[in-house]
Amino acid sequence: MRGLSACLLFLGLTQAADVYLSPPGLLPSRLSPHQASQVLAAHLGLDQFEQLSKESAKLGHIFAERDFVASGNHNALLLLVDERYALDVLPPTLLPNFSFNEPSKDYLSAFLKTCTRRATHVFSFIFASRSVPTQGVPRALDFFSAPTPVNEAFLTEISTLTDYIDTSVDRFAGLQLTSIPQLALSYGRESESYQLAIRAVRSAIEMALSDRSVRFALLTYTPPSAQKRTPQLSQQSPIPPTVQQTSTRLPKVCYASEDACLNGTNACSGHGSCLSTSSQEGECFVCSCETTKSESGQTQIWVGDMCERQDVSSAFVLLVGTVTTLFLLMGGSISLLYAVGSQEFPSILTGGIAGALRKE
């Protein structure tokens with residue numbers, strides 16, 4: 001029961017993000033967050049800001065291929081979509097290339113901002129904010145002309161996509177499509193208005209994919225409401241509440257680069273690896289501790305900012321529980337023996353013994 005609850009808690013804290021690329025690449029189906037960041041940077045033409053680490057050395061051929069392809073002008077389009085609605089807007093021919101675990105709930109939002117900031121040094125035109133329709137609402141989308149927050153959010157996002165497609169200079173756009181979940185909640189997923197909206201977004205994506213100069217990347221994210229469900233279920237299990245607190249505790253030190261993290265933590269004391277995460281200052285690197293086996297085969301769980309100490313809470317709880325159970329069993333056995341020894345014999349037995357003594 002404890003192992004199942006721990007797995008549910010881990011799944012609740014680490015959410016998988018699927019990545020769709022065009023043109024696609026030959027990549028492993030699962031990457032670490034740091035590897036995924038470097039692959040996406042290379043795909044979008046922003047790899048000049050990345051340093052190839054030891055962890056990503058086996059993906060070096062990808063960077064070489066991207067450098068060869070990047071000899072001409074190119075454009076980049078990066079989209080974030082709620083995983084529950086991604087298949088509604090994606091063309092059926094576009095398949096996921098790989099997936100990775102989000103280190104934190106704000107990781108993809110921070111990654112989008114980082115890419116947009118870096119793109120200002122590479123591309124001539126940046127679509128950093130949503131565009132307001134300059135020529136009015138298209139006739140095909142007249143339904144969304146009603147001045148509601150949901151309609152306005154959708155019109156600004158679809159206008160940003162169409163403006164990006166119509167622009168001829170080298171350009172970059174990074175956009176999180178937040179209106180799709182809002183439309184589904186407001187009008188219903190089977191409503192004609194929602195179907196009209198997803199067809200418009202899908203058509204814009206297909207037009208971007210048809211342009212060979214566009215490097216397209218779409219990442220799915222798990223909304224905060226879905227992330228909270230699994231931890232709530234795990235709270236009903238007998239796991240001590242300190243497990244959740246230590247799993248989500250922010251480290252005291254967040255290093256600016258992977259090399260700085262490796263040097264500052266002595267390679268995470270040899271019990272983990274440095275992974276990319278996000279903080280208030282931006283992207284940084286912290287130790288992600290691993291579980292190892294001792295020479296005797298015992299499981300060792302490492303914790304701490306440098307993975308420098310073992311987590312003995314589980315062993316302590318087991319030891320205390322075992323000792324307490326033994327004391328209770330011993331106390332119960334002694335009480336039972338004392339109670340049995342203090343009882344008087346039945347009268348039929350005592351009478352027979354007394355009669356035999358008188359005859360003698």
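1. Angles here run from 0 to 180 degrees between N-to-C directions, and the axes are lines fitted to C-alpha atoms, for helices over the stretch in contact. With that in hand, take helix 7 (residues 179-187) and helix 8. They pack at an angle of about 165 degrees, and their axes are 9 Å apart. Angles over 145 count as roughly antiparallel. Helix 7 is therefore roughly antiparallel to helix 8. The crossing of this pair is left-handed. Helix 7 brings I180, L183, A184 and Y187 to the contact, and helix 8 brings S193, Y194, A197 and V201. By class, that is seven nonpolar residues, one polar and no charged ones. Please keep in mind that this is a predicted model.

2. Helix 8 (residues 192-210) also packs with helix 6 (residues 149-166). Here the angle is about 20 degrees, and the axes lie 10 Å apart. That makes helix 6 roughly parallel to helix 8. Helix 6 passes helix 8 in a left-handed crossing. From helix 6, the residues in the contact are F154, I158, L161 and I165. From helix 8 they are A197, A200, V201, A204, M207 and A208. The class count is ten nonpolar, no polar and no charged residues. A197 and V201 of helix 8 appear in this contact and in the contact with helix 7.

3. Now the six-stranded sheet. In what order do its strands stand? The order is 3-1-6-2-5-4, in an open sheet with mixed pairing. Strand 3 (98-102) and strand 4 (125-127) are at the edges. Each has a single partner strand, so one side of each has no neighbour in the sheet. On average, neighbouring strands are turned by 15 degrees against each other, direction ignored.

4. One pairing in this sheet deserves a look. Strand 1 (residues 15-22) and strand 3 run antiparallel and are joined by five bridges. Within strand 3, F98 stands opposite V19. Helix 2 (residues 33-44) packs on the sheet. Helix 2 touches strand 1, strand 2 (75-82), strand 3, strand 5 (171-177) and strand 6 (214-221). The direction of helix 2 makes about 150 degrees with that of strand 6. Helix 5 (residues 107-119) packs on the sheet too, touching strand 1, strand 2, strand 3, strand 4, strand 5 and strand 6. The direction of helix 5 makes about 160 degrees with that of strand 5.

5. Helix 2 and helix 5 also pack with one another. Their angle is about 30 degrees, and their axes are 12 Å apart. This crossing is right-handed. P33, S37, L40 and L44 of helix 2 meet Y107, F111 and C115 of helix 5. The class count is six nonpolar residues, one polar and no charged ones.

6. Check the loop between strand 1 and helix 2, where P23 lies. The peptide bond from S22 to P23 is cis, with omega near 0 degrees. A second backbone point concerns N266, in the loop between helix 12 and strand 7. N266 has a phi near 55 degrees, a positive value in a residue other than glycine. Most residues other than glycine have a negative phi, and most peptide bonds are trans.

7. How many disulfides does the model have? The count comes to three. One of them joins C261 to C274, with an S to S distance of 2.2 Å. The link is left-handed, at -85 degrees about the S-S bond. C261 lies in helix 12 (residues 258-264) and C274 in strand 7 (residues 272-279), so the disulfide ties together parts 13 residues apart in sequence.

8. Strand 7 also holds S278. S278 and S104 are 174 residues apart in sequence, yet 7.5 Å apart in space, C-alpha to C-alpha. Leaving aside neighbours within four places in sequence, S278 is in contact with S104, D106, Y107 and A110. Y107 belongs to the contact of helix 5 with helix 2 as well.

9. There is also a three-stranded open sheet, in the order 9-10-11, with antiparallel pairing. Strand 9 (291-293) and strand 11 (309-310) stand at the edges. Each has a single partner strand, so one side of each is left without a neighbour in the sheet. Strand 10 (residues 299-303) pairs with strand 11 over two bridges, in the antiparallel sense. V303 has R309 in strand 11 as its bridge partner.

Terms used: Residues are numbered from 1 along each chain as its sequence is written. This is a predicted model: local features need pLDDT of at least 70, side-chain atom pairs count only at pLDDT 80 or more; totals for chains, interfaces and linings use all residues. Side-chain values use heavy atoms; hydrogens and water are left out. Helices (H or I, at least four residues) and strands (E, at least two) are DSSP runs, numbered from the N terminus. Angles under 35 degrees count as roughly parallel, over 145 as roughly antiparallel, 65 to 115 as roughly perpendicular and the rest as oblique. A crossing is left-handed if the near helix is turned anticlockwise from the far one by less than a right angle, and right-handed if clockwise. Contact means heavy atoms within 4.5 Å. Ala, Val, Leu, Ile, Met, Phe, Trp, Tyr, Cys and Pro count as nonpolar, Asp, Glu, Lys and Arg as charged, and the others, Gly among them, as polar. Two strands pair if DSSP finds at least two bridges between them. A disulfide is a pair of cysteine sulfur atoms within 2.5 Å.
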